[in-house]
Amino acid sequence: LVSFARDPGDGNLPQPGSLKHYGDGLLWLKEGHIQAIGHYADLIDQLPPNSQALDYRGRLIMPGFIDTHVHYVQLDIMASYGRQLLDWLNDYTFPEECRFASHAHAEALSNAFLDEMLRAGTTTAQVFGSSHPGSVDAFFTACQKRQLRMLVGKVLMDRNAPDALIDGTTGISDTERLIEDWHGKQRLGYSVTPRFAPTSTKTQMDAAGALLRNDPTLWLQTHLAENSGELDWVAQLFPGSRDYLSVYEEAGLVGPRSTFAHGIHLDNGMRKRLAERGANIAFCPSSNLFLGSGLFDREAAKETGMAFTYASDIGAGTDLSGFGTLKSAYQVGQLRGQPLTAWQGFYGLTHGNAKALSLNSQVGQLAPSYEADFVVIDPHATSLLERRIQHCNTLGERLFALMMLADDRAIYETWAGGICQHRRD
Ligand code: GUN
Ligand code: FE
């Protein structure tokens, strides 16, 4: 069992007390929650008679992975060739999102997406639907059936997109209806979702800000400073704003429950403003490499106190797997002279992401009273992993080998809400 109680720091060894590791551990579940965690020998005698025991010797149990930025409606356009952001949106993304006018399609893709996420070990995500409110009803319904903890929102976009995707004034009223129907129900939360500044009018963004002021338990997700063509466009559309971030600030969209995807092209002034408001940037390394958007600067984030999270950004991302996201994050880090330790990576994917989403009392750790969302990792899943793991002497080396070499084959089981949601065949 491996779980992070706090940020392990940047060293080759985790800060003392930040990591819980039980080589021969026992995870005690009760009614969808964790009742206790500890050494097998210490806990085994405390279990009530008739407890059901599962034996995972040789495996590694960690909290379920969290993905802070992903578009379920883009699952089918992953790996669409040869474009950077704005052309990619026009050529592939917008046409694909038009298909979600069909409820049957939204239902099928919601289930396909959740199957893939769970196969990859991801138990919680903050998700973009399409601009059709039905895409979000379908997704929430699928999550509710599986008892997952998920955040999702209907994309708001009232300009600069195909007519079939533009929502106009109904965007906000549909959002209000979805919040009413779903926000806070079971383990579901609503994330208000203006796509990004170029596709929303000032009026729509102001209205989104008003929703957030009305209910501080709502989340906010959008995109920020991903690509240089996007930056020029925002400067043209908002000549009165001093920079890209101030467009969102002026609308009241920047707060402790706000996630801004990418944040590659920021200066330290903007980073500090994000830090002061407690917002987080979703670092989407495989997407940033795929679209050629740029290399996220983790050191600058750290120096300015700006929180950042790890995310796949499917369909621009190339990997649903949290392992794959960390592998790309390591590669981006190397190109910047900022190699990522496995401690930092797995902390980020679990507790770090949970904390940035204010879900830190519910998920992201293996600890008493937490929801029973976890992955059972098989470090011997492939012959290559088997060979590499045999040569590892420490837990840090094993975690690093997983981060670089593992994929969904290494996820033996995924549990959420105390239910086994996926088992590798
Ligand atoms: N910016 C605005 N919309 C999108 C999107 O769908 N994906 C990415 N990567 N960036 C965006
Ligand atoms: Fe995105």
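This briefing describes the domains, the nonpolar cores and the ligand surroundings of the structure above. The model is predicted, and its chain is divided into domain 1 (2–63 + 364–423) and domain 2 (65–356). Domain 1 is thus written as two segments, 2–63 and 364–423, whereas domain 2 is given as 65–356.

**Domains and their interface**

- The C-alpha centres of domain 1 and domain 2 lie 28 Å apart, and 39 residues of domain 1 are in contact with 29 residues of domain 2.
- About 3,000 Å² of area is buried between domain 1 and domain 2, and carbon and sulfur atoms give 66% of that area.

**Nonpolar cores**

- The largest nonpolar core has 106 residues, and within this core the residues with the most contacts are F113, L224, Y248, L274 and F346.
- At least three residues of this core come from each of the two domains, domain 1 (2–63 + 364–423) and domain 2 (65–356).
- A second core, separate from the largest one, has 15 residues, with L1, Y22, I34 and Y56 among them.
- When neighbours within four places in sequence are left aside, F113 is in contact with V70, Y72, L75, V127, F139 and L320.

**Ligand 1 and its surroundings**

- The residues that surround ligand 1 are H71, Q74, L85, W88, L89, R195, F196, H223, E226, H262, D313 and A316.
- Oxygen atoms of ligand 1 take part in two of the listed approaches: a polar side-chain atom of Q74 lies 2.8 Å from an oxygen atom of the ligand, and an N or O atom in the side chain of R195 is 2.7 Å from an oxygen atom of the ligand.
- A nitrogen atom of ligand 1 lies 2.7 Å from a polar side-chain atom of E226.
- On its own, ligand 1 has 280 Å² of accessible area, and the protein covers 100% of this area.

Methods:
Residues numbered from 1 in each chain as written. Chains lettered and ligands numbered in written order. Predicted model: local features only at pLDDT ≥ 70, side-chain atom pairs only at ≥ 80, totals over all residues. Heavy atoms only, no water. Core = buried A, V, L, I, M, F, W, Y, C linked by side-chain atoms within 4.5 Å. Buried < 20%, exposed > 50% of the residue type's maximum accessible area, 1.4 Å probe, protein only. Domains from an automatic or database assignment. Contact = heavy atoms within 4.5 Å. Near = heavy atom within 4 Å. Polar contact = N/O pair within 3.5 Å; in protein donor to acceptor, adjacent residues only side chain to side chain. Areas by Shrake-Rupley, 256 points an atom, 1.4 Å probe, with all protein chains shown as cover. Buried area = accessible area lost by both parts, 1.4 Å probe.
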